[in-house]
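Please consult the sequence and the three-dimensional structure shown here while reading the paragraphs that follow. They proceed from single residues to a helix, and then to pairs of side chains.

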Amino acid sequence: MRWIALKMLVGDRAKYFGIVAGITFAALLIAQQLSIFCGLLLRTTSQLQDIAEADVWVMDPNVDYIDELKPMKEDYLQRVQGVPGVAWAVHFYKGQARLKLGNGKYQQAIVLGLDDATMVGAPTKIVLGSLADLRQPDAVIMDEEGYHYLWPRQPLRTGRLLEMNDHRAVLVGICRASRTFQTFPVLYTRYSLALQFIPQERRVMPFVLAAVKPGASAKRVCARIRQQTGLIAITRDDFAWKTISYYLKRTGIPINFGITVGLGFIVGCAIAGQTFYTFVLENQNQFGALKAMGVSNRRIVGMVLIQALVVGLIGYSLGVGLATLFGVATHNTEISFYMPWQILVGTAVSVGFIVAIASLISIYRVLVLEPAVVFRN
């Protein structure tokens, strides 16, 4: 019966390809949009991804995500350093500066100020120059994507002069960094220089980066820091999830992508359901003949489910494969794309629902089919 079901399925090539195309389109749209959604959210944690040395981030209690900057007093650094279980702690600066280029144009940029002594948070992938050059006067290192954005189609080179807050900055290196949510150029410099490049308030230190001693629990150290300083102390992973949660709750990103994914699901159901139902109608003589020969409804329902399962697996494979090819083709572009295994599972579940709905519509038609239909006309 399985072989007969498959022969019936591929016998009408137009209907067969129509069903597969509908499921493929739905799987492609769901997997692609969810991957872009995840990639976009991942960009909100770009600095957290790049700064792997710090186990704990310490900040003002009112900070909800990494781009919300609320400076603290400098003496909090010493208080964090004195907490039991902390191996080391350094200050870390993050802010936005108005960058003036040599041609007189202006551009917003993200400035990251690294501890002058330890350089914690420095980029690990230097494309041009070296990290040691950052100790030169007025030195900054820019990310490669930001460089190409400011000077498109120009070769990488150091020595370019910039200006921020009426202070000169010299480009001494170019690095690779994770893409940011705002797509602004990222500048790395020393903490002392960062305070000169950006107009300052009375308090200037937005974050303290800390590492825990070997064998110590990061969660317990965070609790001690909160108890002794009154600040928020949170692990890097928890801070990343906190940032993502902020964007999920406070922006329209989930709604917009959810509408697109929902439309893909509805369109997939409509195309696959209608085409599969038409396929059953056009093959009702064959199903009627099987019923006349004594084949039970259970066997015939099994045939329909096998047909639905086959087109579902093929459509899912093609859809996910095309979505993956899209991700490969758009790698290193402005399009964010990240496909974890959860998206594969979620797409499979969605395709399963589409196939189930299409099958239920068709199964009802088969169950009410009279064997005498084969003798009509």
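**Surroundings of Tyr188**

Apart from neighbours within four places in sequence, Tyr188 is in contact with Asp50, Leu112, Leu114, Gly121, Pro123, Leu134, Ala139, Val140, Ile141, Cys175 and Ala177. The model is a predicted one. Tyr188 belongs to strand β8, and its relative accessibility of 3% places Tyr188 among the buried residues, because buried means under 20%. Between the C-alpha atoms of Tyr188 and Gly121 the separation is 9.0 Å, although these positions lie 67 residues apart along the chain numbering.

Leu187 is likewise found in strand β8. With a relative accessibility of 1%, Leu187 counts as buried. Its contacts, leaving aside neighbours within four places in sequence, are Leu99, Ala109, Ile110, Val111, Leu112, Val140, Ile141, Met142 and Met164. Leu112, Val140 and Ile141 are thus named among the contacts of Leu187 and also among those of Tyr188. The C-alpha atom of Leu187 is separated by 9.7 Å from that of Gln96, a residue 91 places away along the chain.

A further buried position is found in helix α8 (residues 236–250), where Thr243 lies. Thr243 has a relative accessible area of 0% and is buried. Not counting residues up to four places away in sequence, Thr243 touches Thr44, Thr45, Leu48, Asp64, Tyr65 and Ile66.

**The two sides of helix α7**

Helix α7 spans residues 218–229, twelve residues in total, and reaches 16 Å from its first C-alpha to its last. This is close to the 16 Å expected at 1.5 Å a residue. Which residues of α7 are buried? They are Val221, Cys222, Ile225 and Thr229. These residues cover an arc of only 105 degrees around the axis, and therefore they lie on the same side of α7. The general geometry accords with such an arrangement: an α-helix has 3.6 residues a turn, so residues three or four places apart point the same way.

The cover over the buried residues of α7 includes β1 (56–59), α4 (76–81), β2 (86–100), β9 (207–212) and β10 (232–235). On the face turned away from the buried side, α7 carries the exposed residues Lys219, Arg220 and Gln227. Just after α7, Gly230 takes a positive phi of about 80 degrees.

**Charged side chains**

Side chains of opposite charge can pair when their charged atoms come close. In this model the count comes to seven salt bridges. One of them joins the side chains of Asp67 and Lys94, at 2.5 Å from N to O. This pair links distant parts of the chain: Asp67 is in the loop between β1 and α4, whereas Lys94 is in strand β2, 27 residues apart. Are the two partners buried or exposed, wholly or in part? Asp67 is partly exposed, with a relative accessible area of 21%, whereas Lys94, at 4% relative accessibility, counts as buried.

Glu68 forms a salt bridge with Lys70, and the closest N and O atoms are 3.5 Å apart. Lys70 is partly exposed, its relative accessible area being 28%.

Another salt bridge brings together the side chains of Glu145 and Arg179, at 2.9 Å from N to O. This pair too links distant parts of the chain, with Glu145 in helix α5 (residues 144–150) and Arg179 in the loop between β7 (167–176) and β8 (186–190), 34 residues apart. Glu145 has a relative accessibility of 31% and counts as partly exposed.

**Aromatic rings**

A search of the whole structure finds twelve aromatic pairs. Among them is the tilted pair of Phe37 and Phe257, at 5.6 Å centre to centre and with 50 degrees between the planes. This pair links distant parts of the chain, since Phe37 is in helix α2 (residues 13–43) and Phe257 is in helix α9 (residues 253–282), 220 residues apart. Both Phe37 and Phe257 are buried. Elsewhere, Trp57, Phe92, Phe207 and Phe239 form one aromatic cluster.

Arginine side chains are also found over aromatic rings. Arg98 lies over the face of Tyr106, at 4.3 Å from the ring centre. Arg160 lies over the face of Trp151, at 4.4 Å from the ring centre.

Conventions. Residues numbered from 1 in each chain as written. Predicted model: local features only at pLDDT ≥ 70, side-chain atom pairs only at ≥ 80, totals over all residues. Heavy atoms only, no water. Phe/Tyr/Trp six-rings, centres within 6.5 Å; stacked < 30°, edge-to-face > 60°. Helix = DSSP H or I, 4+ residues; strand = E, 2+ residues; numbered from the N terminus. Buried < 20%, exposed > 50% of the residue type's maximum accessible area, 1.4 Å probe, protein only. Lys NZ or Arg CZ within 6 Å of the ring centre and 35° of its normal. Expected span 1.5 Å × (residues − 1). Arc of directions from axis to C-beta. Contact = heavy atoms within 4.5 Å. Salt bridge = Lys/Arg side-chain N within 4 Å of Asp/Glu carboxyl O.
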